[in-house]
Every structure is written in structure tokens, then in C-alpha cells.
Amino acid sequence: MKSILKDNIHVLERVEDWKDAVRKSGKILLENQSIEERYIEAAIKNIEKLGNYVVITDNVAMPHARPEDGANQTALSLLLIKEGVDFLGENVNLVFMLASKDNSSHIEVIRKLSQLVDDEEVVEKMSFAKNKEEILNYL
């Protein structure tokens, strides 16, 4: 996980709302050309249509869209929101934006992410991290 996320972690005090959280987590991947702008908007539309299915465990959301919605490569970003954000009824501090260039290359990334978020202690420590370096230490 550390190598996947190393350059894709941002820490913010607060965001306006869940849409802002999705946009800011997507911007990390946009800046390194892993995705196109339309990918972020597709992820937001998915959540508007399907609800908070992207909240994968307590305190963790994983917004995403389809490869054809503008994913240029398989990548993962992490946005830590210190104050948390209401994600359609669920409080979230950790937003992992997932992008996959095809229908299968993301499976290993999801496996590693699942192992990470299954560890409640690590999720809690990451949720209260002060900066990117502290997060990387927990990975």
C-alpha cells in the first residue's frame, strides 16, 4: 500500500461536503494524469444514483467510476479529512479514490486496501494522523 499511495496522499482539516471530498480526492489522481476530470464527475453521479455504497467500512469511503469514464491507469489516492465529512449519513475521515484502467487490474489494489481497512486500529490511527508522513508510517 505504501508504494501505491506514496505520492497520492493529501491531508485537509475540512471539506464542504461529500462531493467536495470526492472532487479533492480525485484531484490528486487528476494531477498525475491517472484520471480525466470526467472520472470525478462520474464518481459523484454514481453516489447520487446509488447512495453511500462507497462507504466500505466505518470511517472509510472509496469513490470510483468505470474505466471508460476517464481512468488512464490503475491508481489510488487517499484524502484524510481531519474533521470528517458526512457521506450520506456516514461519518468518513479517509477517502480512497480508486481508478482502474480496465475491469481487472484494480483487483490487487482492492485486496491490499481491504487488508488495510480490516485493521480497525490502523484505520483509527490514520484517521487521527497529523500529516502525510504519519500516514505513511502506519502503512
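1. Let's start with R66, which is partly exposed in this predicted model. Its relative accessible area is 42%, and because partly exposed covers the range between the 20% limit for buried and the 50% limit for exposed, R66 falls in that middle class. You will find R66 in the loop between strand 3 (59-61) and strand 4.

2. What does R66 touch, leaving out residues up to four places away in sequence? The contacts are Y39 and N103. With N103 there is a polar contact from side chain to side chain, at 3.2 Å. If you want a distance to check in your viewer, the C-alpha atoms of R66 and E121 are separated by 31 Å, with the two positions 55 residues apart along the chain.

3. R66 also brings us to the largest pocket, since R66 is listed with H64, A65, P67 and H106 as the residues nearest the pocket centre. The lining has 16 residues in total, and the space inside is about 170 Å³. By type, the lining divides into nine nonpolar, five polar and two charged residues. Helix 3 and strand 5 each supply at least two lining residues, and helix 3 gives the most, with three.

4. Next, the nonpolar cores. In soluble globular proteins, nonpolar side chains tend to be buried together. The largest core here has 26 residues, and V22 and F87 touch the most other members. Two or more residues come from each of helix 2 (18-31), helix 3 (37-50), strand 4 (75-86) and strand 5. Helix 3 provides the largest share of this core, at six residues.

5. F87 deserves a look of its own. Beyond four places in sequence, F87 touches W18, A21, V22, I47, N52, V54, V55, A61, V92 and V95. A second core of 21 residues is separate from the largest one, and includes I9, F96, L113 and L136.

6. S25 lies in helix 2. Is this serine buried or exposed? S25 counts as buried because its relative accessibility is 0%, and buried means under 20%. Apart from neighbours within four places in sequence, S25 is in contact with P63, S77, L79, V95 and M97.

7. N93 is another residue I would inspect. N93 sits in strand 5 (residues 91-99) and counts as buried, because its relative accessibility is 7%. Which backbone atoms does the side chain of N93 reach? A polar atom of that side chain lies 2.8 Å from the backbone oxygen of I81, and the side chain also reaches the backbone oxygen of K82 at 3.2 Å. Leaving out residues up to four places away in sequence, N93 touches N59, L79, L80, I81, K82, E83, G84 and S127.

8. Finally, V122, whose place is in helix 5 (residues 120-127). V122 is buried with a relative accessible area of 16%, and that label follows because the cut-off for buried is under 20%. Setting aside neighbours within four places in sequence, V122 is in contact with L116 and Y138. The C-alpha atoms of V122 and K82 are 15 Å apart, and the two residues are 40 residues apart along the chain.

Terms used: Residues are numbered from 1 along each chain as its sequence is written. This is a predicted model: local features need pLDDT of at least 70, side-chain atom pairs count only at pLDDT 80 or more; totals for chains, interfaces and linings use all residues. Side-chain values use heavy atoms; hydrogens and water are left out. Helices (H or I, at least four residues) and strands (E, at least two) are DSSP runs, numbered from the N terminus. Buried means under 20% relative accessible area, exposed over 50%, partly exposed in between (1.4 Å probe, protein chains only). A polar contact is a pair of N or O atoms within 3.5 Å; within protein, one must be able to donate a hydrogen and the other to accept it, and residues adjacent in sequence count only if both atoms are side-chain atoms. Contact means heavy atoms within 4.5 Å. A nonpolar core is a set of buried Ala, Val, Leu, Ile, Met, Phe, Trp, Tyr and Cys residues joined through side-chain atoms within 4.5 Å. On a 1 Å grid over the protein atoms alone, a cavity is a set of points where a 1.4 Å probe fits but cannot get out, and a pocket is an open set with protein on both sides within 12 Å along at least five of seven lines; lining residues have an atom within 4 Å of a point. Grid points are joined across faces, edges and corners, and a volume is the space filled by probe spheres set on the points. Ala, Val, Leu, Ile, Met, Phe, Trp, Tyr, Cys and Pro count as nonpolar, Asp, Glu, Lys and Arg as charged, and the others, Gly among them, as polar.
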